[in-house]
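Hi,

Here is the structure I promised to pass along. Have a look at it first, and then read on for what turned up when I went through it.

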Amino acid sequence: MSLMCAILQALELLLIRNYIPQRSFFIALGHDEEVSGVNGAQKISALLQARGIQLAFIVDEGSFLLDGFIPNLQKPFAMVAVSEKGAINLMLQVNMTPGHSSAPPKETSIGILAAAVSRLEQTPMPNMFGGGPLKMALQQLANEFPFPANIVLSNLWLFQPLVSRLMERNYITNALVRTTTALTMFNAGVKVNVIPPVAQATINFRIHPAQTVQEVLKLAKDIVADDRIQFHVLNAFDPLPVSPSDDQALGYQLLRQTIQSVFPEVNIVAPGTCIGNTDSRHYTNLTTGIYRFNPIYLQPQSFSSIHGINEKISVQAYETQVKFIFEFIQNADADPRPVPHLHEL
Ligand SMILES: CCCCCCCC/C=C\CCCCCCCC(=O)N[C@@H](CC(C)C)C(=O)O
C-alpha cells in the first residue's frame, strides 16, 4: 500500500516540476493484487500485449533493504528479487461413511486427514540450496562477513552442505532454500456427536525456483502415501524465470545505481528470490527483466507485521520511498545504456 502511494506521490512531484519523460513509463496498479491479480494485472498485461507493447523491464514489490536477517552480517544489504517462488494451493479431502459418535469406527475422516497433513508438516520438502539466485547473493556478500564466515561463503564449493544446513535453522532463510509447506485451512464436522462424512484441508506450498509444480505434487503424494486421500489442486504456478542481473541488465543496473544514490550506507546490492508472490508474475509475456524491490528497510522483527498486526511505515521511510521512485524514474529516463557495475562503493 505504501509503495502504491509513494509511486503516485513521486509522479505528482514530477508533474509539479513539469517533467516530460523521454521514454514511456507504465504505472500498473491492480485492484486485486492481494487476491491473485487475475482481474487487474493479468488484464493489464493482456491489454498491453494486444497493443504490441514490449517492456524494457518491470519493477514491482517483493524484496527490501534487509537488515539483520543473516547472523554475523552487521550491515544491511539490498536484495533485488530476480525470481519469485511458485505456489500450489492443494486441497486434501477424505470421504468416509458418517455415523453416530457413540460407536466410532477405528478411523474417522478427521483422523485420517489430520495424520496426512501432519506427515506433510513433519516432512519438509528437500533442501534445494545451490539452485536459484541465493548462492550468487551469498557469494557477493561474503566479504561483508567477519572471519571465518567470509572464508566459508567464498568457498561454497566446499562448504555448501554446512551453509545450506545453517540456512534451515531460521524460518525465513529456510523459505529461501526449500519449497515450504504451510497448512492453512482445515474443515470438518458440523455437530458434536456426528462422525463427519468429509474432512478437507488446504496446504499452501511455495515452490523453490529449482522445482516445479509437478515435482512438488509428486513429493506430496509420496509423503501422504494414503489412497483414501483425494488431491485437488485449487491453483498452481511454477516459479518465475530468473531475470538477468549482469552488467548489461538495464533494469537491475538502474535499481543498483538508484539504491547507491538514495541509500549510500548500503554497500551491497545482491540478486535474490521473492518468497511471496507479486503481480509481476502476470507480466512475463512483456519482458524478461522483472525486478522486485521496495526501497524500505526490513528487519526480522517487522517481517511478521507484513499482512499482520500493526503493519506500518514511518514517515521518514515513506519519504525515502517517494524520493527513490522520483530518482529512479529520472535515472531510467536519462540513458538507455546499462550503468557499469562498480565493485568498490
Ligand atoms: C538472504 C536473506 C534473507 C531473506 C529474507 C527474505 C525476506 C523477504 C521478506 C518478505 C517477502 C515479502 C513478500 C511480498 C509479497 C507480498 C504480496 C503478497 O502477499 N502476495 C500474495 C499473493 C497471492 C497470490 C494472493 C502472497 O500470498 O504471496
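**What I found**

I309 counts as exposed, because its relative accessibility is 78% and the cut-off for exposed is over 50%. This residue sits in the loop that links α10 (300-303) to α11 (315-334). Its C-alpha atom is 31 Å from that of P133, and the two residues are 176 apart along the chain. Please keep in mind throughout that this is a predicted model.

**The chain as a whole**

Stepping back, the chain has 345 residues, of which 43% count as buried. It holds eleven helices and twelve strands, and its C-alpha trace spans about 75 × 50 × 35 Å along the principal axes. Taking contacts between residues at least 6 apart in sequence, 81% join residues at least 24 apart.

As for the surface, about 18,100 Å² is exposed, with carbon and sulfur atoms supplying 57% of that area. On the charge side, there are 23 positive and 27 negative side chains, and the centres of these two sets are 6 Å apart.

**The annotated span**

An unreviewed UniProt entry carries the annotation "domain: Peptidase M20 dimerisation" for residues 83-226. In the model, that span is 42% helix and 24% strand, and its end C-alpha atoms lie 34 Å apart.

Helix α4 takes up residues 134-141, and L134, A137, L138 and L141 are buried in it. Viewed down the helix axis, the buried residues of α4 fall within an arc of 95°, so they line one face of the helix. What do they pack against? The partners of these buried residues are the strands β3 (77-84) and β10 (269-274), together with the helices α5 (149-154), α6 (156-168) and α7 (171-177).

One of those partners, α6, contains S164. With a relative accessibility of 11%, S164 counts as buried, because the cut-off for buried is under 20%. Leaving aside residues up to four places away in sequence, S164 touches N127 and F129.

**Around S245 and Y252**

Now for a pair of residues that touch each other. S245 is placed in the loop between β9 (229-237) and α9 (250-262), while Y252 belongs to helix α9 itself.

Is S245 buried or exposed? At 18% relative accessibility, S245 counts as buried, since the limit is under 20%. Y252 is buried too, with a relative accessible area of 2%.

Which residues does S245 touch, once those up to four places away in sequence are set aside? They are V82, M136, Y252, Q253 and P271. Under that rule, Y252 touches V80, V82, P244, S245, V269, A270, P271 and Y291. V82 and P271 therefore appear in both lists, as contacts of S245 and of Y252, with contact meaning heavy atoms within 4.5 Å.

Two C-alpha distances round this off. Y252 and Y291 are 39 residues apart in sequence and 6.9 Å apart in space. S245 and Q74 are 171 residues apart in sequence, with 24 Å between them in space.

Happy to go through any of this with you whenever it suits.

Best wishes

Key
Residues are numbered from 1 along each chain as its sequence is written. This is a predicted model: local features need pLDDT of at least 70, side-chain atom pairs count only at pLDDT 80 or more; totals for chains, interfaces and linings use all residues. Side-chain values use heavy atoms; hydrogens and water are left out. Helices (H or I, at least four residues) and strands (E, at least two) are DSSP runs, numbered from the N terminus. Buried means under 20% relative accessible area, exposed over 50%, partly exposed in between (1.4 Å probe, protein chains only). Accessible areas come from the Shrake-Rupley method with a 1.4 Å probe; for residues, only the protein chains shown count as cover. Lys and Arg count as positive and Asp and Glu as negative; His and the chain ends are not counted. The place of a charge is taken as NZ of Lys, CZ of Arg, CG of Asp or CD of Glu. UniProt positions are given in the numbering used here, feature names are shortened, and annotations may be inferred rather than shown by experiment. The arc is that of the directions from the helix axis to the C-beta atoms.
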